Amino acid sequence: MHALLANADFQNDPFLYVIAGIVVAFVLFMAFWFLIKAIREGKRLGLSTKKLKDAALSAAVFTIAPSIAVLLTVVTLAGSLGIPLPWVRLSVIGAITYEVPAAQAVADAMGGTLSSAASTPEGFTAIAWVMTLGIMLSVILIILFNKKIQGGMKILKSRDPKWMSILMSALFLGLISAFLSSALSGETTDRTQPNVTIPATTGSILVSVLTLITSAVVMAICGLLMKKFKWKWLENYAIPISMLFSMGMAIVYNMVLPAALFVAA
Amino acid sequence: MKQLRSYDESIHTEGRILTGIAAILILLVPVAISIYYDSWPSFGKLITPLLSVLAVYAPVALIEVATYAPMMGAGGSYIGFITGNISSLKLPCALATLEANKVDVSSDEGEVLSLLSISVSAIVTTLVVALGVLLLATTNIGEVLKNPVLGPAFDNLLAALFGALGVVYVSKNFKIALPPLILMILLFIVAPDLSVGVLIPIGAVFAVACARVMYKKGMLTKTVEKTEEAPVSEDPQE
């Protein structure tokens, strides 16, 4: 077992892999269940096989780069928590922005670093409990209220379909605006330690801004190509192409910008 | 109509059951760990960190359910919430699919396409991470992934994602987009340390409020309406 991917041997016990594997397998089963359901209903509604295939393929392509980002978080958390616990935690509920603070909260309560807290079975177990309990609320709410929420949306649509459409756009645009602002914050992660963010520097903010602009430009170019040459196939892949290209350019911008810009103020 | 109602009913029945089972399995993880290591943290030891986590994430959970569930559709919400990474992955994925197919999530086709794309996204993420874990446990790939050269690419994933999405959505809904964008720029200048968990509800509420005012004043008459049922694909090649 690689020394860097565990804090203590017990964290990578095969038993933990088995538990994690069971949960992950069920989630995978659930996703396939709904996928098949969606395909069947889609065909019943008259959606062509081609349309369904294209939608599935583009969703898959879209997901690859962000999935590697999730894997990277498993890698960074593994240094303190071993592999199985971050694996299961990052495959279900929550997100990167939750798992690290939740684990850190336990470490703070125990008066040490995440690594020291997790190095004993007692601390490790406490971290597992808090990470799990802290995030269950959203799932409970969905089980209890999703039907009502969706029903409410249908009523809203039947009463005022124009406003319904505008409401959906406004919600997502509010979300995009918030993420645009946060994405430009320029904070980066120390990949050797999960709970350390490196504060923004002029350089890192510039890299973020340039990455965003690059992605927007590539997307706009794709849009023009689709219009001019009628490349319908591009529709499903324009976003992943824009993302991957601009992420690659982020590496270039980081190398090319003067080092002086990356010194903390 | 009868068929649709039964699909809708079955989505919620199966969604609740499967989500419930998944939730129980997820809860059994710390239980199993406690049994295996014979270590049961006392309530006193857990309550402080748990309360500090809940203080932040309970409101986030409420906001996320209220905001994301309508956007993901019925089925998409169940599989989306149980697998997580919604705002940075599942939701943009679903919306990109809806956009490419020119359907709204409130239409029958939109509900299905949203569920399809979120399910595929969940499958791919789960498989990529599982494969990665296998490689991590058996090879040196952890070292490769930690290479600092790759750092900027993944640190700027959200900038890359939202740059592309922004072009699509802002260009189509410029009037609706402008108020929250201006607000976020101001907040970025005035309070740059605000976390995204706080910015999202602020952005969403402000955007909706401004959109409502504009709508009432008749300023949004040219907004693309996708509320009619999207025409089913009539591709003659199929």
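The legends below describe close-up views of a predicted model. Local features require pLDDT of at least 70 and side-chain atom pairs pLDDT 80 or more, whereas totals for chains, interfaces and linings use all residues. Residues are numbered from 1 along each chain as its sequence is written, chains are lettered from A in the order in which they are written, and side-chain values use heavy atoms, without hydrogens and water.

**View 1. Helix H4 of chain A, residues 96-110.** Helices are DSSP runs (H or I, at least four residues), numbered from the N terminus. The 15 residues of H4(A) should span 21 Å at 1.5 Å a residue (1.5 Å times one less than the number of residues), and because the end C-alpha atoms lie 22 Å apart, the two values agree. After the helix comes A:Gly111, with a positive phi near 80°.

**View 2. Buried residues of H4(A).** Among the buried residues (under 20% relative accessible area, 1.4 Å probe, protein chains only) are A:Tyr98, A:Glu99, A:Val100 and A:Gln104. Their cover includes H2 (49-81), H3 (84-91), H5 (114-118) and H6 (121-133) of chain A, together with H2 (43-72) of chain B.

**View 3. The interface of chain B and chain A.** Contact (heavy atoms within 4.5 Å) joins 150 residues of chain B to 145 residues of chain A. About 13,800 Å² is buried between the chains (accessible area, 1.4 Å probe, lost on being put together, summed over both), 78% of it on carbon and sulfur atoms.

**View 4. A salt bridge between B:Glu14 and A:Lys37.** The N to O distance is 3.2 Å. The rule (a side-chain nitrogen of Lys or Arg within 4 Å of a carboxyl oxygen of Asp or Glu) finds 2 salt bridges across this interface. Helix H1 (residues 2-37) of chain B supplies 28 residues, the largest share of the side of chain B that touches chain A.

Definitions and conventions. Helices (H or I, at least four residues) and strands (E, at least two) are DSSP runs, numbered from the N terminus. Buried means under 20% relative accessible area, exposed over 50%, partly exposed in between (1.4 Å probe, protein chains only). Buried area is the accessible area (1.4 Å probe) that two parts lose on being put together, summed over both.
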